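Colleague: I should like to go through this model with you, beginning with its cysteines and then turning to the DNA. Please explain the reasoning behind each reply.

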2 protein chains.
Amino acid sequence: MTNESIKILLVDDEPDILEFMEYNLKKEGYIVLLAKNGAEAVEIAKREVPQLIILDIMMPEMDGIEACRRIRESKELEHILIAFLTARNEEYSQLAGFDVGADDYISKPIKPRILTSRIKALLRRTSFNQETPAVQIGNMRIDRDSYLVYKNDEPISFPRKEFELLSLLTSKPGRVFTREDILSRVWGSEIVVGDRTIDVHIRKIREKLGDDVIKTIKGIGYKFDI
Amino acid sequence: MTNESIKILLVDDEPDILEFMEYNLKKEGYIVLLAKNGAEAVEIAKREVPQLIILDIMMPEMDGIEACRRIRESKELEHILIAFLTARNEEYSQLAGFDVGADDYISKPIKPRILTSRIKALLRRTSFNQETPAVQIGNMRIDRDSYLVYKNDEPISFPRKEFELLSLLTSKPGRVFTREDILSRVWGSEIVVGDRTIDVHIRKIREKLGDDVIKTIKGIGYKFDI
DNA sequence: CTGCTTATTAATAATTTGTTAATATTGACA
DNA sequence: TGTCAATATTAACAAATTATTAATAAGCAG
């Protein structure tokens, strides 16, 4: 779950398509906002300032092109990435879309993998996804770019879940994360694993970094402490 | 702006349009070359090998489609990005353009912001190819111009995909590239190949350079590490 | 067209990672 | 200090991911 803070606004008048995209993007950990027409989209965009808006072209109330234009008008929203949804042979729509400042277009029918990979490619361009600086805590350095943890300059590699768990705990040293926090942020909202799973992962981290770096707060959760 | 070394060839028979585009692109720091018909374009392309050519479709002497075809014929110019300029409703031209290997089309009337952002997007697609002509890492030298890798001064030749993959990984040594990163940057955002394809290419690279240069981060991706 | 190289897939093996279940241990609190 | 729920530990098992191989397809030079 590394997309936690990225907001995407989906705009389409067909609930099925909205739901389909919502499902796929939530699965990737994005925060998903929904609108069913251009007017609503502009309103939500202004309020929430998402990083990316995916706009259907053909919609009642206000079409995608117009919505895009309105969004681009606003100085604060200028930088938002906008991708249009287009039927495959709507050549004209594509042109119009780029003219009002679209960053990409995604053609229907939408395939989940293509959707997510296009989105990632788009987001990569922006500053939101710049390299994450390594975090230094005591004699330890957590480097998200290389997925390595250095202990006294010794690199130690961690499997994904362990890394994400450690990464979460170290994101706020000293702060206690409840088991619920941990479950929802490392395992996602649809919790399917048992409580012991956390313990086991904690133990594996302790095996590698020493017993003292992660403290247990009985009845509450865990915290990372120098 | 580090566009100083990027050459763009503009081809159009209308001096006004040439001048307009030249002005806007120079402002961004690109090196701008001009041609007023297809024949001239091919000639200059061969001599100067720009990174990008923006071609009007309708021109005297030799039209854009034909010029594009001639340019694509030549092995050395194959990699050049080509974008067509089209009038708003020249639907057919667009299709023809993509057939002869165009990378994008830009519709008239041209707006500065769109022009430059499209160009940036286009160049970004291949930017990791041209950032640095040769990179030295450990006992290895990767020469992006000749598609050769030297290991202790022994030249080893790599097929295109393998080279691009290696090139991507070495562009940021130590940094983990996710499979999605790799797919979208080596294969393009419309992903059409399966996951195993990456593995196979990785394996072939390892066969040539040794097993240890590329490390697997299970669940995440790969990284190049000295 | 032919033969060669490169790219991709499919099938299967190997490996790593994730989870659970069973049992032991801990520590807050009556 | 004894109790008991919460956490730790361990090992076994399941799931997921990657490696490998060989076969097939696609490109390309001669």
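Colleague: How many disulfides does the structure hold over all chains?

Modeller: This is a predicted model, and the count rests on its atoms. A disulfide requires a pair of cysteine sulfur atoms within 2.5 Å. Over all chains, the number of disulfides is zero.

Colleague: Is C68(A) buried or exposed?

Modeller: A residue counts as buried under 20% relative accessible area. C68(A) is buried because its relative accessible area is 0%. For C68(B) the value likewise places the residue in the class buried, at 0%.

Colleague: Which part of DNA strand C, sugar or phosphate or the bases, supplies 71% of its atoms within 4 Å of the protein?

Modeller: The strand is surrounded by 24 residues, the closest including T197(A), K218(A) and K218(B). Bases account for the rest of the strand atoms within 4 Å of the protein, while 71% belong to sugar or phosphate.

Colleague: Which elements of chain A and chain B give two or more residues to the surface near DNA strand C?

Modeller: A polar side-chain atom of T197(A) lies 2.8 Å from a phosphate oxygen of the strand. Backbone atoms also take part: an N or O atom of K161(A) is 2.9 Å from a phosphate oxygen, and a polar one of R160(B) is 3.4 Å from a phosphate oxygen. The elements are helix 6 (160-171) and helix 8 (195-209) of chain A, with helix 6 (160-171) and helix 8 (195-209) of chain B.

Colleague: How many charged residues does the surface near DNA strand C have?

Modeller: Sorted by class, this surface has ten nonpolar and six polar residues. The charged residues number eight.

How values were computed. Residues are numbered from 1 along each chain as its sequence is written. Chains are lettered from A and ligands numbered from 1 in the order in which they are written. This is a predicted model: local features need pLDDT of at least 70, side-chain atom pairs count only at pLDDT 80 or more; totals for chains, interfaces and linings use all residues. Side-chain values use heavy atoms; hydrogens and water are left out. Buried means under 20% relative accessible area, exposed over 50%, partly exposed in between (1.4 Å probe, protein chains only). A residue is near a molecule or strand if one of its heavy atoms lies within 4 Å of it. A polar contact is a pair of N or O atoms within 3.5 Å; within protein, one must be able to donate a hydrogen and the other to accept it, and residues adjacent in sequence count only if both atoms are side-chain atoms. Helices (H or I, at least four residues) and strands (E, at least two) are DSSP runs, numbered from the N terminus. Ala, Val, Leu, Ile, Met, Phe, Trp, Tyr, Cys and Pro count as nonpolar, Asp, Glu, Lys and Arg as charged, and the others, Gly among them, as polar.
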